[in-house]
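The following exercises are to be worked with the sequence and the model side by side. Each task is followed by a solution set out in steps.

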Amino acid sequence: MNDGNNVSGGDCCCGGSGKEDLEIVKIRDESEWPSEHPRDEVESLLYEWLKPYNDTPPAIHKAVDYALGKDGKPGGGVLIGKVAGRYVGFVVVNKTGMGGYIPDNILVYIAVAPEQRGKGLGGRLIEATLNEFPGDFKLHVEQENPARRLYRKVGFTEKYAEMRFQR
Ligand SMILES: CC(C)(COP(=O)(O)OP(=O)(O)OC[C@H]1O[C@@H](n2cnc3c(N)ncnc32)[C@H](O)[C@@H]1OP(=O)(O)O)[C@@H](O)C(=O)NCCC(=O)NCCS
């Protein structure tokens with residue numbers, strides 16, 4: 001599907017599409033991590049932009065490690081969204097390796113820069129994510145997070161109630 005987004009494993013330039021040009025850099029492996037986007041910078045912005053729904057920095061680091069397939073994990077990927085060379089959003093996907101009984105992918109994090117919200121970038125990042133990773137997706141979202149409306153808009157449904165036993 002050509003959605004006007006330009007997805008690459010490295011630098012790219014984007015043609016005009018009528019929408020703001022969104023460059024999406026996709027990283028699946030630590031060796032692919034572009035030096036111009038330091039991982040600690042990406043993780044700390046993600047931490048800030050996820051607020052008030054953020055996890056702790058070590059939890060975000062762990063999810064990114066998983067997405068990069070470290071320690072034999074099934075992997076996934078990190079999508080970095082940029083407009084005019086500036087970061088505008090991030091996505092972290094973890095593959096479950098459980099397709100058939102649990103969805104193949106977890107959309108662990110999506111965050112758009114606060115000043116860039118409401119312009120369709122979050123929706124375009126989700127579309128790019130769904131295009132990049134084959135298989136079904138699941139995600140966790142707090143009941144009161146307005147992002148639920150966006151998730152519904154791109155086709156997520158509330159199929160199951162999630163219950164947790166916390167220690
Ligand atoms: C969720 C998020 C990624 C959406 O990014 P975005 O670029 O604003 O999304 P879009 O412009 O494509 O779509 C906006 C839609 O999301 C909904 N939405 C998401 N967050 C919203 C907010 N804080 N306030 C109001 N609406 C919000 C709106 O319903 C809107 O739908 P509409 O266009 O029909 O009104 C962004 O709000 C964000 O980074 N939030 C903080 C982090 C977060 O909650 N992440 C998800 C949980 S892991």
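**Exercise 1. Strand β3 and its partners**

Task: Determine how many residues of β3 are buried, and establish which strands pair with β3 and in which sense.

Solution.
Step 1. The coordinates are those of a predicted model. In this model β3 is mostly covered, with 6 of its 8 residues buried.
Step 2. On one side of the pairing list stands β2 (residues 23–27), which pairs with β3 in the antiparallel sense over 5 bridges. Within this pair, Ile-24 has Gly-81 of β3 as its bridge partner.
Step 3. β3 is also joined to β4 by 8 bridges, and these two strands run antiparallel. Val-83 is bridged to Arg-86 of β4, and Lys-82 to Tyr-87 of β4.

**Exercise 2. From β4 to β5**

Task: State how well β4 is covered and describe its pairing with β5.

Solution.
Step 1. Of the 10 residues of β4, 8 are buried, so the strand is mostly covered.
Step 2. The pairing of β4 with β5 is antiparallel and comprises 7 bridges.
Step 3. One of the bridges links Gly-89 to Val-112 in β5.

**Exercise 3. Unusual backbone geometry**

Task: Locate the cis peptide bond, and identify where Asp-71 and Ala-84, with their positive phi values, lie.

Solution.
Step 1. Recall the usual case: most residues other than glycine have a negative phi, and most peptide bonds are trans.
Step 2. The peptide bond between Lys-51 and Pro-52 is cis, with omega about 5°. Pro-52 belongs to the loop between α1 (39–49) and α2 (57–67).
Step 3. Asp-71 is not a glycine, yet its phi is positive, about 55°. The residue is found in the loop between α2 and β3 (76–83). Is Asp-71 buried or exposed? With 7 other C-beta atoms within 10 Å, Asp-71 is exposed.
Step 4. Ala-84 lies in the loop between β3 and β4 (86–95). The hairpin of these strands has 2 residues between them, and there Ala-84 takes a positive phi near 50°. Ala-84 is likewise exposed, having 8 other C-beta atoms within 10 Å.
Step 5. A positive phi also occurs at Gly-69, which follows α2 and has a value near 75°.

**Exercise 4. The buried face of α2**

Task: Explain why the buried residues of α2 line one face of the helix, and name elements that cover them.

Solution.
Step 1. The buried residues in α2 include Ile-60, Ala-63, Val-64, Tyr-66 and Ala-67.
Step 2. Viewed down the axis of α2, the buried residues fall within an arc of 155°, and they therefore line one face of the helix.
Step 3. The underlying rule is that an α-helix has 3.6 residues a turn, so residues three or four places apart point the same way.
Step 4. The cover over the buried residues of α2 includes α1, β3, β4 and β5.

**Exercise 5. The largest nonpolar core**

Task: Give the number of residues in the largest nonpolar core, together with those that have the most contacts inside it.

Solution.
Step 1. This core has 34 residues, and the most contacts inside it belong to Phe-90, Val-91, Val-92 and Tyr-109.
Step 2. At least two residues of the core come from each of β2, α1, α2, β3, β4, β5 and α3.
Step 3. β5 supplies the largest share of the core, 7 residues.
Step 4. Take Val-91 as the example. Apart from neighbours within four places in sequence, Val-91 is in contact with Leu-79, Leu-107, Tyr-109, Ile-110, Leu-125 and Thr-129.

**Exercise 6. The shell around the ligand**

Task: Find how many residues surround the ligand and which are closest, then determine which element gives the most to the shell.

Solution.
Step 1. The ligand is surrounded by 20 residues, of which Arg-117, Gly-122, Gly-123, Ala-147 and Leu-150 are the closest.
Step 2. β5 (105–112), α3 (121–132) and α4 (147–153) each provide at least two residues of the shell. Of the elements, β5 gives the most, with 4 residues.
Step 3. By character, the shell divides into 12 nonpolar, 5 polar and 3 charged residues.

**Exercise 7. The chain as a whole**

Task: Summarise the secondary structure and the extent of burial of the protein chain.

Solution.
Step 1. The protein chain has 4 helices and 6 strands, which follow the pattern β-β-α-α-β-β-β-α-β-α along the sequence.
Step 2. Of its 167 residues, 28% count as buried.
Step 3. Among contacts with a separation of 6 or more, 51% are between residues 24 or more positions apart.

Methods:
Residues numbered from 1 in each chain as written. Predicted model: local features only at pLDDT ≥ 70, side-chain atom pairs only at ≥ 80, totals over all residues. Buried ≥ 20, exposed ≤ 12 C-beta atoms within 10 Å, placed from the backbone. Near = placed C-beta within 6 Å. Nonpolar A, V, L, I, M, F, W, Y, C, P; charged D, E, K, R; others polar. Pairing = 2+ DSSP bridges. Arc of directions from axis to C-beta. Contact = placed C-beta atoms within 7 Å. Core = buried A, V, L, I, M, F, W, Y, C linked by C-beta atoms within 7 Å.
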